[in-house]
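Visitor: I have a structure open and would like to learn how to read a few of its features. Could we go through them together?

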Amino acid sequence: MIFDTSEATFEQDVIERSRELPVVVDFWAAWCGPCRQLTPILESAVQARDGNVALAKLDTDANPRIAGAFRIQGIPAVKAFKDGAVVAEFVGAQPPKAVDQFLDSLLPSEADALVEAGGEEDLRRALELEPARVDAGLALARILRERGDRDGALAILEEFPGSFAAEGLAARLRLEDDEALRDAFAALDAGDTQRGLDALIAAIAATDDSARREDLRRAVVGVLDDLGVEHPLARESRRKLASALY
């Protein structure tokens, strides 16, 4: 998909379209010799990717406000947009190999596609390709947990030290047989996150067992990580957690 864009259509052509697929913008001008070298390379490379990336061409002389908004100081300038924002860019004419690498960096990798597919074998293959993929590890661990293979799930999660989500799920797996926590985990699974978190935090305050206390803390932090830093419940629960711990 290759097209010309302008100040009047840039929002729809580039910003909105980039929410569906990557859009590369070629900032050029008729007087620019290097632009005439780069544009056909870009066009050929985009066409070779079978509609998985779009190329928008913007004449900076005819559209100075857009050029100014994106601080174009030298051309050719190329900016790649995904989800409405610039995610990669370069300035100056580039050889075909460099352009190919630039475009390929915008497209889903094989591991991305496998994680999206989400089957057990897909996820195992994704981890072979990219062993540090926490999302693949978490998804695979959840499949194993649902199948009753707790040890297998824990073995997967141990490969991601430092991940709050992985450590939180591993802690939950170690705690799930505890009758005193059954209601807390049931509340979390039912979407009653506040009740579930409050029950786990109360259990922290009530125990003197350091290992159990640490697993409870990790389970809580895993839920907070999933909520996100700015979630109001996460902010309040972090305060409660700190009180229970200290």
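Guide: Happy to. Let's start with the word "contact": heavy atoms within 4.5 Å. Keep in mind that this is a predicted model.

Visitor: Which residues is V223 in contact with, leaving aside its neighbours within four places in sequence?

Guide: Those residues are L188, T193 and L197. V223 itself lies in helix α12, residues 210-227. You can also look at C-alpha separation: V223 and G196 are 27 residues apart along the chain, and their C-alpha atoms are separated by 9.6 Å.

Visitor: Is V223 buried or exposed?

Guide: The general idea is that buried means under 20% relative accessible area. V223 has 18%, so V223 is buried.

Visitor: Now for helix packing. How do I read the way α11 and α13 meet?

Guide: Begin with the distance and the angle between the axes. Helix α11 (residues 193-206) and helix α13 (residues 232-245) have axes that come within 9 Å and cross at roughly 10°. Angles under 35 degrees count as roughly parallel, and α11 and α13 are therefore roughly parallel to each other. The crossing in which α11 passes α13 is right-handed.

Visitor: Which residues in α11 and α13 meet?

Guide: From α11 come T193, Q194, L197, D198, I201, I204 and A205, and they meet L233, S237, K240, L241, A244 and L245 of α13. By character, the residues of this contact of α11 with α13 are 8 nonpolar, 3 polar and 2 charged. Two names should sound familiar: T193 and L197 are also in contact with V223.

Visitor: How many aromatic pairs does the structure hold?

Guide: There are 5 aromatic pairs. To read one, check the ring centres and the planes; planes over 60 degrees apart count as edge-to-face. For F10 and F81, the centres are 6.0 Å apart and the planes stand at 75°, so this pair is edge-to-face. The pair links distant parts of the chain, with F10 in helix α1 (residues 10-16) and F81 in strand β4 (residues 77-82), 71 residues apart. F10 counts as buried at 3% relative accessibility, and F81 is buried at 1%.

Visitor: What about F90 and F102?

Guide: They form an edge-to-face aromatic pair, 4.9 Å centre to centre, with 90° between the planes. F90 sits in strand β5 (residues 85-91) and F102 in helix α4 (residues 96-104), 12 residues apart. F90 is buried at 14% relative accessibility, and F102 is buried at 11%.

Visitor: Which residues form one aromatic cluster?

Guide: F10, F27, F70 and F81 do.

Definitions and conventions
Residues are numbered from 1 along each chain as its sequence is written. This is a predicted model: local features need pLDDT of at least 70, side-chain atom pairs count only at pLDDT 80 or more; totals for chains, interfaces and linings use all residues. Side-chain values use heavy atoms; hydrogens and water are left out. Axes are lines fitted to C-alpha atoms, for helices over the stretch in contact, and angles run from 0 to 180 degrees between N-to-C directions. Helices (H or I, at least four residues) and strands (E, at least two) are DSSP runs, numbered from the N terminus. Angles under 35 degrees count as roughly parallel, over 145 as roughly antiparallel, 65 to 115 as roughly perpendicular and the rest as oblique. A crossing is left-handed if the near helix is turned anticlockwise from the far one by less than a right angle, and right-handed if clockwise. Ala, Val, Leu, Ile, Met, Phe, Trp, Tyr, Cys and Pro count as nonpolar, Asp, Glu, Lys and Arg as charged, and the others, Gly among them, as polar. Rings of Phe, Tyr and Trp (its six-membered ring) pair if their centres lie within 6.5 Å; planes under 30 degrees apart count as stacked, over 60 as edge-to-face and the rest as tilted. Buried means under 20% relative accessible area, exposed over 50%, partly exposed in between (1.4 Å probe, protein chains only).
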